[in-house]
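The following exercises ask the reader to work through one protein model step by step. Each task is followed by a worked solution.

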Amino acid sequence: MTTMNTAATESSITIFRDLIASLPVEHLSHAQRDDPSAIAAESIEGLCHGLQYVSESLTEETTTENLQHLSAYFNTCAHLIPALLVISEQTTSTHTVNPT
């Protein structure tokens, strides 16, 4: 991977995370904030299970098609994990600041 590709990937991850962070959640009710927080937590757990499965699968024979799927999975994880953490942090911090 070249430096340019790495910078572009990091930039897209940052842009996606910042986009999610900029979504307003202050106007949501307590119940509405609970849903994204729970979904984010479950999604992070699911991603971790996926990573464990990938780790175990790499001990088996891999094909070019499998490697392409793994590449797409890792790219998706790289974008989703920071965004899901932002969602979780936003809803948690909004609960403490605005407990409606």
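In these exercises, contact means heavy atoms within 4.5 Å. The model is predicted.

**Exercise 1. Determine the surroundings of L84.**

Solution.
Step 1. Locate the residue: L84 belongs to helix α3.
Step 2. Assign its burial. Buried means under 20% relative accessible area; L84 has a relative accessible area of 10%, and is therefore buried.
Step 3. List its partners. With neighbours within four places in sequence set aside, L84 is in contact with A40, S43, I44 and L47.
Step 4. Compare sequence and space for one further pair. L84 and I39 are 45 residues apart in sequence, while their C-alpha atoms are 8.6 Å apart.

**Exercise 2. Describe the fold of the chain and the range of its contacts.**

Solution.
Step 1. Count the elements: the protein chain contains three helices and zero strands.
Step 2. Write their order along the sequence, which is α-α-α.
Step 3. Consider burial across the chain: 21% of its 100 residues count as buried.
Step 4. Consider contacts with a separation of 6 or more. Of these, 85% are accounted for by residues 24 or more positions apart.

**Exercise 3. Characterise the largest pocket and its lining.**

Solution.
Step 1. State the volume: the largest pocket has about 170 Å³.
Step 2. Identify the lining, which consists of Y53, V54, S57, L58, E60, E61, T62, N66, H69 and L70.
Step 3. Sort the lining by class: four residues are nonpolar, four are polar and two are charged.
Step 4. Assign the lining to helices. Both α2 (30-57) and α3 (64-97) supply at least two residues each.

**Exercise 4. Compare V54 and L58, two residues of the pocket lining, by position and burial.**

Solution.
Step 1. Place each residue: V54 is in helix α2, whereas L58 lies in the loop between α2 and α3.
Step 2. Assign burial to V54. Its relative accessibility is 7%, so V54 counts as buried.
Step 3. Assign burial to L58. Its relative accessibility is 45%, so L58 counts as partly exposed.
Step 4. Relate both to L70. V54 and L70 are 16 residues apart in sequence and 7.6 Å apart from C-alpha to C-alpha. L58 and L70 are 12 residues apart along the chain, with 9.7 Å between their C-alpha atoms.
Step 5. List the contacts of V54 beyond four places in sequence: L70, Y73 and F74.

**Exercise 5. How many disulfides does the structure hold?**

Solution.
Step 1. Recall the cut-off: a disulfide is a pair of cysteine sulfur atoms within 2.5 Å.
Step 2. Apply it to C48. The nearest cysteine sulfur, that of C77, is 8.6 Å away, and C48 is in no disulfide.
Step 3. Apply it to C77. Its nearest cysteine sulfur is that of C48, at 8.6 Å, and C77 is likewise in no disulfide.
Step 4. Conclude that the structure holds zero disulfides.
Step 5. Add the burial of each cysteine. C48 counts as partly exposed because its relative accessibility is 45%, whereas C77 is buried, with a relative accessible area of 5%.

**Exercise 6. Is H79 buried or exposed, and which side chain does its own side chain contact?**

Solution.
Step 1. Locate H79, which is in helix α3.
Step 2. Assign burial: the relative accessible area of H79 is 16%, so H79 is buried.
Step 3. Identify the partner: the side chains of H79 and S12 make a polar contact at 2.8 Å.

Methods
Residues numbered from 1 in each chain as written. Predicted model: local features only at pLDDT ≥ 70, side-chain atom pairs only at ≥ 80, totals over all residues. Heavy atoms only, no water. 1 Å grid on protein atoms, 1.4 Å probe; cavity = no way out; pocket = protein on both sides within 12 Å on 5 of 7 lines; lining within 4 Å. Points joined across faces, edges and corners; volume = space filled by probe spheres on them. Helix = DSSP H or I, 4+ residues; strand = E, 2+ residues; numbered from the N terminus. Nonpolar A, V, L, I, M, F, W, Y, C, P; charged D, E, K, R; others polar. Buried < 20%, exposed > 50% of the residue type's maximum accessible area, 1.4 Å probe, protein only. Polar contact = N/O pair within 3.5 Å; in protein donor to acceptor, adjacent residues only side chain to side chain.
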